[in-house]
Amino acid sequence: MEPYIEISFLQFPVLPFLIFQELLAKKVSTYNYLFGIGSILILVWELWLSRLYGEVGIYLIFLGVNIYGWSSWLIRKRKPKSLISYSTCFEHRASNLVVLCCLCGFSYLLRHYTNSEMPYWCAMIYSFSFTGMWLMAKGKIESWIYITIGNCIAITLFVYKELYICAGQTIVLCIIGISGYLKWQRKSSIVKDMGFDV
């Protein structure tokens, strides 16, 4: 669910963390955020040592979204209604606006404050991942669509950079993302049939 960056050997434990995060999110488990936070902290440490301070700033934003999502899920789990729901028309428009704003902001940061070789591609991954994480924090079924789009872009970038192991792991993330979307749809239908407000 987080964006990806071509750095050191630490990218290998990070991607399994992301796979566990998506698997737990699919099961609507709040523990998914622990894996998300863990993966970000590993990347922030490595980026800081590499003096890529612009990238550190971007990942700190993602850290904030993960912490917000974790606290939001913990609060909403205590309420007698479903944790997941469909986005409203307004939320659809807001999500598209978030993608656009993130794309502009992240591409600017990557071009001017990092040594990223492909700032626009990375910005697209960050934008869809961020929007997906924001929607997931709100328990929106459409979060999986944005996350999967970000993963598809990441696969293309990994193949181009000949990072085939990372591409393979991200294909697994895509499969989990599609499966998560379908499972959340089914859960939403079951909750509606039981008479709860979703």
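A disulfide is a pair of cysteine sulfur atoms within 2.5 Å. By that criterion, a search of the whole structure, which is a predicted model, finds 0 disulfides. Two cysteines illustrate the result. The sulfur of Cys 174 has its closest cysteine sulfur in Cys 152, at 3.7 Å, which is too far for a bond. For Cys 102 the closest cysteine sulfur belongs to Cys 101, and the separation of 7.1 Å is again too far. Both side chains are out of the way of solvent by the accessibility criterion: Cys 174 counts as buried at 7% relative accessibility, and Cys 102 counts as buried at 11%.

The interior is described next. The largest nonpolar core has 39 residues, and the members that touch the most others are Tyr 59, Phe 62, Phe 106, Tyr 126 and Phe 130. Two or more residues each come from α1 (11–26), α2 (32–49), α3 (53–77), α4 (89–113), α5 (119–137), α6 (143–160) and α7 (164–193). The largest share, 8 residues, is given by α5. A second core, separate from this one, has 12 residues, among them Val 28, Trp 73, Ile 141 and Trp 144.

Tyr 59, Phe 62, Phe 106, Tyr 126 and Phe 130 also form one aromatic cluster. Phe 106 shows how this part is put together: beyond its neighbours within four places in sequence, Phe 106 is in contact with Ile 58, Ile 61, Phe 62, Ala 123, Tyr 126, Ser 127 and Phe 130. The structure holds 14 aromatic pairs. One of them joins Tyr 108 and Tyr 113 in an edge-to-face arrangement, with 6.2 Å centre to centre and 65 degrees between the planes. Tyr 108 counts as partly exposed, because its relative accessibility is 40% and the partly exposed class lies between 20% and 50%.

The helix α5 deserves a closer look. Of its 19 residues, 15 are buried, so α5 is largely enclosed by the rest of the structure. Its length is as expected for a helix: at 1.5 Å a residue the 19 residues should span 27 Å, and the end C-alpha atoms of α5 are 26 Å apart, which agrees. Just after α5, Gly 139 takes a positive phi of about 75 degrees.

On the other side of α5, the loop between α4 and α5 contains Glu 117. Glu 117 is exposed, because its relative accessible area is 63% and the exposed class begins over 50%. The side chain of Glu 117 makes a polar contact of 2.4 Å with the side chain of Lys 161.

Definitions and conventions:
Residues are numbered from 1 along each chain as its sequence is written. This is a predicted model: local features need pLDDT of at least 70, side-chain atom pairs count only at pLDDT 80 or more; totals for chains, interfaces and linings use all residues. Side-chain values use heavy atoms; hydrogens and water are left out. Rings of Phe, Tyr and Trp (its six-membered ring) pair if their centres lie within 6.5 Å; planes under 30 degrees apart count as stacked, over 60 as edge-to-face and the rest as tilted. Buried means under 20% relative accessible area, exposed over 50%, partly exposed in between (1.4 Å probe, protein chains only). A nonpolar core is a set of buried Ala, Val, Leu, Ile, Met, Phe, Trp, Tyr and Cys residues joined through side-chain atoms within 4.5 Å. Helices (H or I, at least four residues) and strands (E, at least two) are DSSP runs, numbered from the N terminus. Contact means heavy atoms within 4.5 Å. The expected span of a helix is 1.5 Å times one less than its number of residues. A polar contact is a pair of N or O atoms within 3.5 Å; within protein, one must be able to donate a hydrogen and the other to accept it, and residues adjacent in sequence count only if both atoms are side-chain atoms.
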